[in-house]
Amino acid sequence: MPLQILVTDDDFTIRRLIKDCLELHGYSVILASDGEEALSLANKYHPHLLISDIKMPNKDGYHLVKELRENPNFRLLPVIFLTHKNTTEDKIHGYQAGGDIYLAKPFQPNELTAIVRHLLEKTQIIQSELLFTEINHNYPQPVSNLIANNRDKIAENNIYLTKREIEVLELLIKGLSNLKIANKLYLSPKTIEKYVSSLLKKTNSNNRTELANFVFKNKII
């Protein structure tokens, strides 16, 4: 599925502008008109990124982000404050509230899109590192628990793969580039590089060709 972005702003025109801009670049967008609605939608959909106005009815952006940050599920959620409040004091308050980027209105759509892409890639890298550490050192799952029975030869070699690594592997042996794999899985190319590096290491392969040979030799896929 596409990466999901929650946009909250009490200005309908701004909401639609951001939605159209982000959907043009392949993102899925959820809209909220105030902080209370945004908090409810965040808990329901668990978006990958939040773009929030600050001055809104019911719950302003500062309190919205503060409450989200208190939830462990949102501790790494990238947050962009998009607002007319543009003094140095406002910016400091925004960063202290848990925002990652403070972008003043009026804004350039291409700048917003570039910031969104940057934050998502950065967050995916961090999450991948945490996932690799957790799985490889604490909670390894045999591949036979994740994929079809005819692929359990990996387990015979004491190799453990995540579900995402399996997805990357299936596309890799079809000859797809990292960029094309990233597009299909809605991840960044840098994140795919992490998965490919992990697969190479786990199978003692030096390159993609050796990795593909390993897969075919062991009749994994």
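Colleague: How many helices and strands does the protein have?

Modeller: This is a predicted model, and the protein contains ten helices and five strands. Of its 221 residues, 46% are buried. The exposed area is about 12100 Å², of which carbon and sulfur atoms supply 50%.

Colleague: What share of the contacts with a separation of 6 or more joins residues 24 or more positions apart?

Modeller: Such pairs account for 59% of those contacts.

Colleague: Let us turn to charged side chains. How many salt bridges are counted?

Modeller: The count is eleven salt bridges. One of the pairs is Asp-9 with Lys-105, whose closest N and O atoms are 2.6 Å apart. Asp-9 sits in the loop between β1 (4-8) and α1 (12-24), and Lys-105 in the loop between β5 (101-104) and α5 (109-137), so this pair ties together parts that are 96 residues apart in sequence.

Colleague: Are Asp-9 and Lys-105 buried or exposed?

Modeller: Both Asp-9 and Lys-105 are buried. The cut-off for that class is a relative accessible area under 20%, and Lys-105 counts as buried because its relative accessibility is 11%.

Colleague: Which other side chain meets Lys-105 in a salt bridge?

Modeller: Asp-53 does, at 3.7 Å from N to O. Asp-53 lies in the loop between β3 (49-52) and α3 (61-69) while Lys-105 lies in the loop between β5 and α5, so the pair ties together parts that are 52 residues apart in sequence. With a relative accessibility of 5%, Asp-53 also counts as buried. Asp-9, Asp-53 and Lys-105 are thus linked in a network of salt bridges.

Colleague: Which residue forms a salt bridge with Arg-69?

Modeller: Asp-100 does, and the closest N and O atoms are 3.4 Å apart. Asp-100 belongs to the loop between α4 (88-97) and β5, and Arg-69 to helix α3, so the pair ties together parts that are 31 residues apart in sequence. As for exposure, Asp-100 counts as partly exposed at 36% relative accessibility, and Arg-69 counts as partly exposed at 23%.

Colleague: I should next like to read a single strand residue. Where does Thr-8 lie, and which residues does Thr-8 touch?

Modeller: Thr-8 is in strand β1 and counts as buried, with 1% relative accessibility. Setting aside residues up to four places away in sequence, Thr-8 touches several others, including Ala-32, Asp-34, Leu-50, Ser-52, Asp-53 and Leu-64. Asp-53, one of these contacts, is also a member of the salt-bridge network.

Colleague: How should one read the two sides of a helix?

Modeller: An α-helix has 3.6 residues a turn, so residues three or four places apart point the same way. Helix α8 (residues 178-185) serves as the case here, its buried residues being Ile-181, Ala-182 and Leu-185. Viewed down the axis of α8, these buried residues fall within an arc of 100 degrees, so they line one face of the helix. The face turned away from the buried side carries the exposed residues Leu-179, Lys-180, Asn-183 and Lys-184.

Colleague: Which helices do the buried residues of α8 pack against, and what phi does Tyr-186 take?

Modeller: They pack against α7 (163-172) and α9 (189-202). Tyr-186, just after α8, takes a positive phi of about 55 degrees.

Colleague: Which residues touch the most other members of the largest nonpolar core?

Modeller: That core has 22 residues, and those touching the most other members are Val-168, Leu-169, Ile-181, Leu-185 and Ile-192. Helices α7, α8, α9 and α10 (208-217) each supply at least two residues of the core. Leaving aside neighbours within four places in sequence, Ile-192 is in contact with Val-168, Asn-178, Ile-181, Ala-182, Leu-185 and Leu-187.

Colleague: Finally, how many aromatic pairs are counted?

Modeller: There are three aromatic pairs by the rule applied. Among them, Tyr-62 and Phe-81 form an edge-to-face pair, 5.8 Å centre to centre with 75 degrees between the planes. The two rings link distant parts of the chain, as Tyr-62 is in helix α3 and Phe-81 in strand β4 (residues 79-83), 19 residues apart. Tyr-62 is buried at a relative accessible area of 8%, and Phe-81 is buried at 1%. Ring pairs join Tyr-62, Phe-81, Tyr-95 and Tyr-102 into a cluster.

Note on methods: Residues are numbered from 1 along each chain as its sequence is written. This is a predicted model: local features need pLDDT of at least 70, side-chain atom pairs count only at pLDDT 80 or more; totals for chains, interfaces and linings use all residues. Side-chain values use heavy atoms; hydrogens and water are left out. A salt bridge is a side-chain nitrogen of Lys or Arg within 4 Å of a carboxyl oxygen of Asp or Glu. Helices (H or I, at least four residues) and strands (E, at least two) are DSSP runs, numbered from the N terminus. Buried means under 20% relative accessible area, exposed over 50%, partly exposed in between (1.4 Å probe, protein chains only). Contact means heavy atoms within 4.5 Å. Accessible areas come from the Shrake-Rupley method with a 1.4 Å probe; for residues, only the protein chains shown count as cover. The arc is that of the directions from the helix axis to the C-beta atoms. A nonpolar core is a set of buried Ala, Val, Leu, Ile, Met, Phe, Trp, Tyr and Cys residues joined through side-chain atoms within 4.5 Å. Rings of Phe, Tyr and Trp (its six-membered ring) pair if their centres lie within 6.5 Å; planes under 30 degrees apart count as stacked, over 60 as edge-to-face and the rest as tilted.
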